[in-house]
Amino acid sequence: MQAFKIMLIVSLSLIGFAATAQQGTSNRSLDIGYFGQFLMQPGIRIGKSIPLQSRQKFQELGIRQYDQTRTLFLQPSLGYFQQFRTHRTLIFSADVGYTFQKKKPKGHAFHSLALGLGYQLSADLVSYSISLSDGSITDKNWVNRQALLPMFSYTHGFPVQQQLSAYYRLVLGQAFEFSDRNTASLFAELGLRYYFTTKTRS
Amino acid sequence: MTRTEFLKQSLALGLGSSFLASLLSSCSTGELFFENLQPQFNGKVLIIGAGAAGITAAYILQKHNIDFQIIEASGSFGGRVKKIEGFADFPIDLGGEWIHTDPSILSQLLNNQSTDVDIDIVNYRPKTISIWRNDRLRKINFTSHFYREYKFKNTTWFGFFEQFMVPTIADKMEFNKVVNGIDYRGDKVSVRTNQGEVYEADRVLVTVPIKILQNEMIEFNPAWPQEKVAALEEVDMPAGLKVFMHFSERFYPDIIIEGVSTSTEKTYYDAAFGKDSSEAVLGLFSAGPLAKRYTDLGSDEKIIEVVLEELDTMFEGKASKFLIKAVVQNWSAEPYIQGSYSHYGGNFTSTMETLMEPLERKVYFAGEAFNPGGDTSTVHGAAESAYWVLKDMLQLA
């Protein structure tokens with residue numbers, strides 16, 4: 001549990017640092033989502049997108065106007081999920097990828113593709129004692145495991161308001177524990193993206 | 001959730017659904033009937049069969065000071081709950097092994113707040129999982145995310161009943177009493193054994209495996225109503241066996257799955273997983289047509305030979321090389337069991353309702369095949385069925 005706390009503090013600090021370091025630039029956004037492995041182990045993820053480079057394309061086709069932006073971004077994030085009483089996982093990760101964003105009157109619609117590398121810290125409840133009088137649980141025995149987690153993610157967002165988008169995100173990952181326990185994972189996320197500013201950099 | 005359901009759902013139908021099924025399964029254990037039994041009945045109950053359901057029923061009746069007798073066809077209690085000691089450095093379940101629900105069910109079944117005992121539970125979540133298909137062993141470790149079952153760490157299901165229930169009822173158990181007739185025409189129910197003994201009681205609770213009923217090893221008088229006979233035919237209790245092999249070295253993953261369907265399963269598993277053990281013990285559990293390959297071989301020696309050949313193919317001869325000893329529990333060959341456990345086809349709810357319907361409110365049925373809550377095919381479900389049935393049986397004076 002000590003390792004969990006340390007990871008949590010470090011990760012939140014990094015996200016906070018990223019947020020302050022990029023003030024003044026455009027299209028900074030913060031993701032907060034319901035996140036979990038296969039959607040069945042509930043959790044939360046917080047990620048801060050930092051645009052590194054943007055290219056804007058404006059087109060008029062008849063009465064339709066297209067304002068598209070392609071942005072190279074870096075997104076440090078912190079995810080946590082658990083399985084009731086028996087499993088906890090904390091993932092600190094950094095994604096690099098492209099966001100393809102269409103500006104619509106209502107707000108931001110976007111697709112993102114990213115590659116990421118995560119550090120996964122898991123704790124599994126391996127055994128415990130149960131009282132035969134009332135079913136209460138004592139003497140929980142947890143085992144911690146660590147893994148490197150390369151990931152590939154796809155995110156699709158829809159505008160909700162000028163500064164808010166809803167999105168879903170699918171992540172394929174492979175946890176490398178450097179043993180025969182290596183395992184693939186599919187993470188799913190439903191969340192909201194808040195834009196600190198609506199201005200885009202051209 | 002039974003292992004069959006888990007495998008079926010996670011590998012065939014989609015991984016997410018197993019979580020819901022698991023939740024639903026867990027919810028059924030929270031029934032209030034564990035506390036709410038208020039008997040109006042004060043006659044005598046005869047229990048036929050000393051498996052999980054029979055033992056639990058006797059335990060409940062003893063707690064409520066109701067006169068009862070329990071008769072068992074074989075020479076010991078337990079039924080499909082059985083253990084072997086001394087084979088490895090931990091006791092091994094030769095029958096029901098997993099706790100397929102929240103382990104708090106154990107305290108609910110005992111329903112005794114004055115007990116001062118804790119029991120150690122293994123959170124059964126294997127990490128290395130392979131599937132054997134087309135003569136190839138493939139890793140499917142990702143399915144480990146969906147396992148949610150439990151096991152006893154230092155004891156067994158048999159040990160649980162032996163330690164916490166049987167001592168209170170042992171003096172009312174009789175063994176080697178093979179029932180072959182139940183006559184419920186009169187005020188009292190008359191039960192006849194193949195040795196000519198006759199037992200009489202006001203109510204009879206039949207907890208024998210469903211295969212015994214299907215094979216008409218007990219003659220009922222009057223005969224079962226036609227709809228009950230039809231419901232009985234809806235339930236299958238296929239072949240089943242377990243094999244345990246003690247090796248000098250471990251060479252296998254936590255689980256190897258072969259064949260997953262609603263009607264059959266076969267799994268090799270590390271029997272020492274989560275136990276306080278330093279030994280390599282591999283178990284084989286199979287039920288249904290895949291099990292029949294082994295149970296039809298005729299002898300335990302042949303079964304071991306075939307299993308070793310199979311493992312040698314998977315692991316390049318390591319099984320034969322490292323084998324120290326093996327033991328077979330062929331449930332199909334047990335004369336008073338004759339198979340694995342119930343598989344319901346068709347409409348579960350209506351079939352279950354018809355099957356559980358007592359005969360003239362005198363002859364009742366319980367066991368792993370008789371759990372209206374849905375936890376059939378499990379040890380806790382069998383024990384739980386005793387509560388379901390006794391609540392009904394004892395509410396009438």
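This passage walks through the fold of chain B, some of its charged pairs, and a nonpolar patch on chain A in a predicted model.

Chain B is built from 13 helices and 23 strands. Out of its 397 residues, 60% count as buried. Its contacts reach a long way along the sequence, too: taking those between residues at least 6 apart, 72% join residues at least 24 apart. What chain B does expose adds up to about 15200 Å², with carbon and sulfur atoms supplying 47% of it.

Now for the charges. Side chains of opposite charge can pair when their charged atoms come close. Over all chains, the count comes to 29 salt bridges. One of them joins B:Glu97 and B:Lys151, at 2.9 Å from N to O. This pair ties together distant parts of the chain, 54 residues apart: B:Glu97 sits in the loop between strands 4 and 5, and B:Lys151 in strand 9. B:Glu97 is buried because its relative accessible area is just 6%, under the 20% cut-off. B:Lys151 is buried as well, at 1%.

Another pair, B:Asp296 and B:Lys292, has its closest N and O atoms 3.0 Å apart. Here B:Asp296 is exposed, at 53% relative accessible area, while B:Lys292 is partly exposed, at 43%.

Over on chain A, salt bridges link up into a network that takes in A:Asp31, A:Arg45, A:Asp95, A:Arg169, A:Glu189 and A:Arg193. Chain A also carries a nonpolar surface patch of about 720 Å², with A:Tyr98, A:Phe100 and A:Leu113 among its residues. Strands 4, 5 and 7 each supply at least two residues of the patch. A:Phe100 belongs to strand 4 and is partly exposed, with a relative accessible area of 39%.

Terms used: Residues are numbered from 1 along each chain as its sequence is written. Chains are lettered from A and ligands numbered from 1 in the order in which they are written. This is a predicted model: local features need pLDDT of at least 70, side-chain atom pairs count only at pLDDT 80 or more; totals for chains, interfaces and linings use all residues. Side-chain values use heavy atoms; hydrogens and water are left out. Helices (H or I, at least four residues) and strands (E, at least two) are DSSP runs, numbered from the N terminus. Buried means under 20% relative accessible area, exposed over 50%, partly exposed in between (1.4 Å probe, protein chains only). Contact means heavy atoms within 4.5 Å. Accessible areas come from the Shrake-Rupley method with a 1.4 Å probe; for residues, only the protein chains shown count as cover. Patches are made of residues with over 30% relative accessible area and no salt bridge: like charges are joined within 9 Å, nonpolar side chains (Val, Leu, Ile, Met, Phe, Trp, Tyr) within 5 Å. A salt bridge is a side-chain nitrogen of Lys or Arg within 4 Å of a carboxyl oxygen of Asp or Glu.
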